[in-house]
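Biologist: Let's go through this one together, question by question. Please set out your terms before we start.

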Amino acid sequence: MKKMYQLFASSLLTLSVLSCGSGDLDVPPKAVLTEEQVTSAENIDGLVIAAYSYLGNDHYTSPMFLWPTGNLRAGDAHKGGNGPSDIFAYHALSMFAPLVPDMESFPPDLIDLNDKKWTRNYTGISRANAGLQVIAKAGVAAIPNAEEKQAELRFIRSIFYFDLKIHHKHIPWIDETMTQEEILATTNVDLTDQQLWDKIADDFRFASQNLPDVQQDVGRASALSAKAYLAKTLLYQAYVQNDTHEVVSIDSDKLNEVVSLVSEIEASGVYGLLDDFGNNFQAAFDNSKESVFAIQRSLNDGSPDGRGSWSTALNAPQAGGFGCCGFHVPTDNFVNAFKTGNNGLPLFTTFNDANYNMLTDQVDPRLDHTVAMEGKPFKYDPNLIHGGDSWSRAPGIYGNFNSMKELEHPDCDCRGENGPFPIWSMNTVLVRYADVLLWKAEALIQLDRYDEALPIINRLRTRAANSTGMLNNASIYNIKPYSSFASKEQAFNALRWERRLELGLEGHRFFDLVRWGVAKETLEAYFDVERTRKPYLEEAAFTKGKHEYLPIPNQQINLSGGIYVQNPGY
């Protein structure tokens, strides 16, 4: 068992937390600790660990692994399951047009998953704020390593804020300094879009300045992981949006800081790329050198159901030794993006003209690490061959592919289950070193230094070319580096493609499209073709200036007394 969760199991603290309002918090306390007990050094750390633990207390209805909002909305995955009514809210994410502020109206579930995730994020924030309040009241001088504890809590707090920001854009900022009266008077438009990014960046910057580069306990934030999150925040912030979510300028100062931060991370020597791309998605390689920050998953850890990968409990195939439930089905468009020409480069303009044929088409090897498909070994096991339609619940609607990165082999000793739902103790990596390198490449390209981005992108392509050893020759592999970039436009197109292939189905794609300001055109091109293959998409429609973000949940507007402002178009 991982040390952080051993600590948490012995630190069952009941906290009075601040929130934007949630019935989930209206539970009578089972125990009350005195202020003197809570402010001891040991229990301060318990508060920190309680905040960490909430990262892993997610669920497929409110996941920290963003497959529903990052992949279903990006043209990379279909919802899957047993048809549109099987968790209709996820169907709505794929279609865009049905999205409304009150998703509790969606039959048959009648559960507002948008509000559920909002509430979960603010509950995580309230845990961090509670710890920060205790430290402030006790006084920094009275608590050993107080600045480090504050740094960890602020790091965790802004992971939740970052998640809220990329989903909703305009959110209320609540911190440990605010009274209950101030919280009740706070709106989601008190701060501008850029001011909210500044607040998130400030937290990560403080963490980067007050944490060690390497932590003794696996899973804790470090100065380097904080620098990574700061770089990610600044990269998003650099693409300045107007009120209708159009990118109107790009801040070169922030991009230069992204380059500097990633260079510092590289120079530390703490992180690196694994030799085989596929090792990133196996439990045996948890907390590897490529894992910059991860949710520490665990089973049999003293908690009732374990902190396994409940966020992906629906995503395993229907057959093959799994049991349930066939969600998160890769699209034809996504699979076709891995096709390569004789030069080993992507087929940028023709990739989607016809569907991938495993007998004739050349592909990037990362396809077979990412997508399970008929006739190919699942998770590198030549004795476990994907059975096609029998592995899907609704192949006539969604096809029979399976997303594979978030799953482990059905016989893995890291597997747990609750009824038919399989989970694993394999970590959920929130920041992978390959992603960090691509932030630097993106910033360099936008700064017109695209020649410096070339070796970064080629480094990942070379690693992919050398990652065929476990794949059992399941496909025709052909991938090569770029010889040069003739222009900024060519370099940026290569960067966008590389992010899709390297980070495919890891939950980043839709947020990339919004950051770049190309969501509308990308999704229209996807729908134009994919609906001819999957007729359920016939009524899908993305509205520019609206669907870049989810609505503010109607329940939260009501709880605010009507002072929260709804996002445009809703």
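Modeller: Sure: a residue is buried at under 20% relative accessible area, exposed at over 50%, and partly exposed in between, using a 1.4 Å probe and protein chains only. This is a predicted model, so local features need pLDDT of at least 70 and side-chain atom pairs count only at pLDDT 80 or more, while totals for chains, interfaces and linings use all residues. Residues are numbered from 1 along each chain as its sequence is written, and side-chain values use heavy atoms, with hydrogens and water left out.

Biologist: Is Leu359 buried or exposed?

Modeller: Start with its place: Leu359 is in the loop between helix H12 (332–336) and strand S6 (362–363). Helices (H or I, at least four residues) and strands (E, at least two) are DSSP runs, numbered from the N terminus. Leu359 has a relative accessibility of 70%, so Leu359 is exposed.

Biologist: What distance separates the C-alpha atoms of Leu359 and Ala474?

Modeller: Along the chain, Leu359 and Ala474 are 115 residues apart. In space, the separation of their C-alpha atoms comes to 9.5 Å.

Biologist: How many residues of H10 are buried?

Modeller: Helix H10 covers residues 223–238, which makes 16 residues. Its first and last C-alpha atoms are 22 Å apart, close to the 22 Å expected at 1.5 Å a residue; that expectation is 1.5 Å times one less than the number of residues. H10 is largely enclosed by the rest of the structure, because the buried count is 16 of the 16.

Biologist: How many disulfides does the count come to?

Modeller: Chemically, a disulfide is a covalent bond between the sulfur atoms of two cysteines. Here the rule is a pair of cysteine sulfur atoms within 2.5 Å. Cys324 is joined to Cys325, S to S 1.6 Å, and Cys412 to Cys414, with 2.2 Å between the sulfurs. By the rule, the count is two.

Biologist: Which pairing do the bonded cysteines of the chain have, numbering them in sequence order?

Modeller: One link is Cys324 to Cys325, and another is Cys412 to Cys414. Numbered in sequence order, the bonded cysteines pair as 1-2, 3-4.

Biologist: Is the link of Cys412 and Cys414 right-handed or left-handed?

Modeller: Look at the angle about the S-S bond. For Cys324 and Cys325 it is 85°, a right-handed link. For Cys412 and Cys414 it is 125°, and that link is right-handed.

Biologist: Is Cys414 buried or exposed?

Modeller: Take its partner to begin with: Cys412 has 17% relative accessibility, so Cys412 counts as buried. In the other disulfide, Cys324 is buried at 9% relative accessible area, and Cys325 at 3% is buried. Cys414 has 4% relative accessibility, so Cys414 counts as buried.

Biologist: What is the radius of gyration of the chain?

Modeller: The chain has 20 helices and 14 strands. For 570 residues the globule rule gives 25 Å, and the chain comes close to that, so it is as compact as a globular protein of that length. The rule is 2.2 Å times the number of residues to the power 0.38, with the radius taken over C-alpha atoms. The radius of gyration itself is 23 Å.

Biologist: What share of the 570 residues in the chain do buried residues make up?

Modeller: For scale, the C-alpha trace spans about 70 × 50 × 45 Å along its principal axes. Of the 570 residues in the chain, the buried share is 63%.
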